[in-house]
Amino acid sequence: MWFPDYRPRRLRRTENLRRMIRETRLSPDMFIYPLFVRKGKGIRNPIPSMPGVFHLSPDTAVQEAEELQRLQIPAVILFGLPEVKDEKGSEAHAPDAAVQSTIRALKDRFPQLVVITDVCLCEYTSHGHCGILDGQEVHNDATLEVLARIALSHAEAGADVVAPSDMMDGRVGAIRQALDENGFDRVAIMAYSAKYCSSFYGPFRDAADSAPQFGDRRAYQMDPANALEALREVNLDIEEGADMVMVKPALAYLDIIRRVKEEYDYPVAAYNVSGEYSMIKAAAIHGWLDEERVMMETLTAIHRAGADCIITYFAKDAARILGAA
Ligand SMILES: [Zn+2]
């Protein structure tokens with residue numbers, strides 16, 4: 001009976017053989033853990049649509065960072081919840097607001113922790129849009145000035161990396177210029193370059209209380225149907241001075257991650273977003289999926305697609321498994 005000489009099953013026979021030839025390896029080194037912070041003390045309020053994720057205050061964020069250090073997770077990304085929202089999102093650049101206070105608290109205690117900050121207006125504006133309004137539309141260039149102010153206030157508080165997520169045209173250049181003019185040339189920019197107008201952000205909007213009060217974000221975030229446009233967006237951000245680029249969400253956009261990684265030799269981050277997290281959590285609660293295995297399979301797929309770093313709410317759970325292995 002004829003049979004091919006090569007039988008791939010030979011190297012799948014035992015766990016040690018599989019381990020030896022494994023092509024994609026996850027490590028806590030590549031995880032960035034998101035933290036939602038508000039002003040106050042001792043706050044640890046669960047977010048119902050994201051089991052295991054909490055609203056924190058600066059002091060409890062520091063406790064969280066302690067655990068991240070133990071788990072060898074190098075970085076956090078901060079999202080802020082303001083005390084007061086207004087038309088112009090003024091609290092976003094207030095020097096003593098939640099994010100700025102948390103940066104100082106984290107850096108004070110863990111100077112080596114990489115502190116990344118989300119730079120946007122949607123959590124801070126009364127209308128919930130990512131910029132300054134002109135009638136019913138977000139005014140691009142008026143928004144740039146405010147974004148630069150926010151990034152600068154994060155840099156002044158000690159952030160290592162600022163991450164603009166608004167999708168305004170020219171924001172990376174505007175932020176780079178503001179940082180450089182004020183002596184923060186060492187602060188890096190991780191651009192949310194290809195941020196799609198996705199329904200997978202649902203639970204995050206609960207968490208950050210940032211749902212738009214009218215309309216949607218289709219006039220500035222990307223159409224999920226477009227791939228070439230993502231490459232143009234990445235190209236623009238790199239030309240404007242981005243140090244890292246991001247694709248968001250991750251799971252429904254693995255092809256975009258792959259194309260960006262193949263086209264540009266820049267570090268690529270992927271955001272394993274709230275909806276991707278909550279789907280797995282919800283199915284696991286019902287006993288419909290094996291949470292651990294689906295989590296590890298998902299993160300492996302995102303890394304295999306080409307992401308160098310993964311922003312994920314699973315960071316701690318995955319790091320525990322990797323550490324125990
Ligand atoms: Zn936004």
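In this predicted model, S274 belongs to helix α9, which covers residues 274-285. With a relative accessibility of 1%, S274 lies below the 20% limit and therefore counts as buried. If residues up to four places away in sequence are set aside, S274 touches M50, F200, Y201, G202, P203, F204 and Y313. One of these neighbours, F200, is also reached in a polar way, for the side chain of S274 comes to the backbone oxygen of F200 at 3.4 Å.

Another of the residues touched by S274 is Y313, and the two are also linked by a record, since the UniProt annotation "binding site", from an unreviewed entry, covers S274 and Y313. Although these two positions are spread over 40 residues of sequence, they cluster in space, with a largest C-alpha distance of 7.5 Å.

Whereas S274 is placed in a helix, Y313 is found in a loop, namely the one between β12 (309-312) and α11 (315-324). Is Y313 buried or exposed? Its relative accessibility is 3%, and so Y313 counts as buried. When its neighbours within four places in sequence are left aside, Y313 is in contact with Y33, P34, F36, M50, V53, F204, Y271, N272, V273, S274 and Y277. M50 and F204 appear in this list, and they also appear among the residues that S274 touches. The side chain of Y313 makes, in addition, a polar contact of 2.8 Å with the side chain of Y271.

A different part of the model shows how two helices can be placed against each other. Two packed helices are described by the angle between their axes and by the distance between those axes. Here, helix α4 (residues 140-157) and helix α5 (residues 171-181) pack at an angle of about 45°, and their axes are 9 Å apart. This angle makes α4 oblique to α5, and α4 passes α5 in a right-handed crossing. Which residues meet where α4 and α5 come together? From α4 there are L144, L147, A148, A151, L152 and A155, and on the side of α5 they meet R171, A174, I175, A178 and L179.

The loop between α6 (202-208) and α7 (228-239) holds S210, and D209 lies in this loop between α6 and α7 as well. S210 has a relative accessibility of 1% and therefore counts as buried, while D209, at 46% relative accessibility, counts as partly exposed. Apart from residues up to four places away in sequence, S210 touches C122, E123, G128, F204, R205 and R217. F204, which is in this list, is also among the residues touched by S274 and among those in contact with Y313. As for the backbone of D209, its phi is positive, at about 50°, although D209 is not a glycine.

A positive phi is also found at Q72, which has a value of about 65° and is likewise not a glycine. Q72 is found in the loop between α2 (58-70) and β4 (75-80), and, with a relative accessible area of 56%, Q72 is exposed.

One further backbone feature concerns P249, which lies in the loop between β10 (244-248) and α8 (254-263). The peptide bond that leads from K248 to P249 is cis, with an omega near -5°.

Note on methods
Residues are numbered from 1 along each chain as its sequence is written. This is a predicted model: local features need pLDDT of at least 70, side-chain atom pairs count only at pLDDT 80 or more; totals for chains, interfaces and linings use all residues. Side-chain values use heavy atoms; hydrogens and water are left out. UniProt positions are given in the numbering used here, feature names are shortened, and annotations may be inferred rather than shown by experiment. Helices (H or I, at least four residues) and strands (E, at least two) are DSSP runs, numbered from the N terminus. Buried means under 20% relative accessible area, exposed over 50%, partly exposed in between (1.4 Å probe, protein chains only). Contact means heavy atoms within 4.5 Å. A polar contact is a pair of N or O atoms within 3.5 Å; within protein, one must be able to donate a hydrogen and the other to accept it, and residues adjacent in sequence count only if both atoms are side-chain atoms. Axes are lines fitted to C-alpha atoms, for helices over the stretch in contact, and angles run from 0 to 180 degrees between N-to-C directions. Angles under 35 degrees count as roughly parallel, over 145 as roughly antiparallel, 65 to 115 as roughly perpendicular and the rest as oblique. A crossing is left-handed if the near helix is turned anticlockwise from the far one by less than a right angle, and right-handed if clockwise.
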